[in-house]
Amino acid sequence: KGELDESTLYKTYTILENDEYFVIYFEYPKDDEDLFESISQYVYESFKVGAGNIESEEFVAFLEEFLNDCFWDVNFNSLLKNNDKRLAKYTDPQMDIRRYYNPGSVAYLYTRADNFGFEDFNDFETKAKSGGKFSIKELSYEAMPCEIEFNQMKGSMEIYFWSVGAVPYVVVDSETLEMQEVALPYPDAEIMAVYLPDYYKDNVNVRAFYFINTPSGWKIAFVDDSMCSA
């Protein structure tokens, strides 16, 4: 800390965390030195660098396990349709998986009782491939999920996730297109959207999986196969 001029003081904290430097800078009148001495100390001690990153790291570890068990080298549509036992570990008994799908211009939310909205022409054979290598990254604030290109960057497939406040609303009236929020058994739970490649022959589209942080840990709750439709 030091003086900028006769009437102004400054104080700087520099924090090294995860090989990155973070700087907290204060500038205040000399007359308020005692006040800002305590304020700056409080701010510094309560400033948790990477607090969100710790939670993200936990989710990334979970997601990597899920992808290896239920996505890579398998056909997820087939797992879902056949209620494959591999999904049991990742689902919550209070909220079975549901699927957004648009058979026409409007997306609906389908349940297991509706066969998830699957039709005969849906792909139940193509398997997602990562080439044995993939990375999981948080989507940047400015990025648009439907513009993601799942290219092999330096030999590694890139998968993206993003914390969201809610899952997509659902249409309750096809004539008026009235939308309604989807009720969850854990209304205050954290929700992560994961953007994945949807392989079908030579085409790669984007689909979203929504995971809910339940009392039993992260669980998959929704598959969105309508998000990038025209």
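## A walk through the predicted fold

K30 and E3 form a salt bridge, with the closest N and O atoms 3.0 Å apart. K30 sits in the loop between β3 and α1 while E3 belongs to strand β1, so this pair ties together parts that are 27 residues apart in sequence. How open to the outside are these two partners? K30 is partly exposed, with a relative accessible area of 30%, and E3 counts as exposed at 52% relative accessibility. Please keep in mind, as you look around, that this is a predicted model.

With that pair as a starting point, let us step back to the whole chain. The protein chain has 230 residues, and buried residues make up 40% of them. It contains 3 helices and 13 strands. Among the contacts with a separation of 6 or more, 52% are between residues 24 or more positions apart. On the outside, the chain exposes about 13,800 Å², and carbon and sulfur atoms supply 47% of that area.

Now back to the beginning of the chain, where a second salt bridge can be found. E37 pairs with K1, and their closest N and O atoms are 3.4 Å apart. Since E37 lies in helix α1 (residues 33-46) and K1 in the segment before β1 (2-5), the pair ties together parts that are 36 residues apart in sequence. E37 is partly exposed, with a relative accessible area of 27%, whereas K1 is exposed, at 63%.

The surface also has a nonpolar patch, formed by L4, V23 and Y25, with about 300 Å² of accessible area together. V23 is found in strand β3, which covers residues 20-29. Why does V23 count as exposed? Its relative accessibility is 55%, and the cut-off for exposed is over 50%.

From the surface we can move inside. The largest nonpolar core has 54 residues, and the members that touch the most others are F66, L67, F76 and F211. Several elements each supply at least two residues of this core: α2 (51-70), α3 (76-81), β6 (134-138), β8 (156-164), β11 (191-200), β12 (203-214) and β13 (217-224). Which of them gives the most? That is β11, with 7 residues. Apart from this core lies another one, of 6 residues, with L9, Y13, I15 and I24 among them.

F66 is a good place to pause in the largest core. Leaving aside its neighbours within four places in sequence, F66 is in contact with F71, F76, L87, Y90, F209, F211 and I220. F76 and F211 appear here again, and both are, like F66, among the core residues that touch the most other members.

One of the strands supplying this core, β13, deserves a visit of its own. In β13, 7 of the 8 residues are buried, so the strand is largely enclosed by the rest of the structure. Strand β4 (residues 98-101) runs parallel to β13, and 3 bridges join the two. Along this pairing, R98 has F222 of β13 as its bridge partner, and Y100 is matched with D224.

β4 also pairs with strand β5 (residues 108-110), this time in the antiparallel sense and again over 3 bridges. Here R99 has Y110 of β5 as its bridge partner. The two strands β4 and β5 form a hairpin with 6 residues between them.

Which way do the side chains of β4 point? R98 and Y100 point one way from the strand and R99 and Y101 the other way, and all are buried. This fits a general pattern: in a regular strand the side chains alternate between the two faces of the sheet.

R99 leads us to the last stop. The side chains of D225 and R99 meet in a salt bridge, at 2.8 Å from N to O. D225 lies in the segment after β13 and R99 in strand β4, so the pair ties together parts that are 126 residues apart in sequence. Are these partners buried or exposed? D225 counts as buried at 17% relative accessibility, and R99 is buried too, with a relative accessible area of 2%. Salt bridges that share partners join R99, D198, R207 and D225 into one network. Across the whole model, the count comes to 11 salt bridges.

Definitions and conventions: Residues numbered from 1 in each chain as written. Predicted model: local features only at pLDDT ≥ 70, side-chain atom pairs only at ≥ 80, totals over all residues. Heavy atoms only, no water. Core = buried A, V, L, I, M, F, W, Y, C linked by side-chain atoms within 4.5 Å. Buried < 20%, exposed > 50% of the residue type's maximum accessible area, 1.4 Å probe, protein only. Helix = DSSP H or I, 4+ residues; strand = E, 2+ residues; numbered from the N terminus. Contact = heavy atoms within 4.5 Å. Areas by Shrake-Rupley, 256 points an atom, 1.4 Å probe, with all protein chains shown as cover. Patch = residues over 30% accessible without salt bridge, like charges linked within 9 Å, V, L, I, M, F, W, Y side chains within 5 Å. Salt bridge = Lys/Arg side-chain N within 4 Å of Asp/Glu carboxyl O. Pairing = 2+ DSSP bridges.
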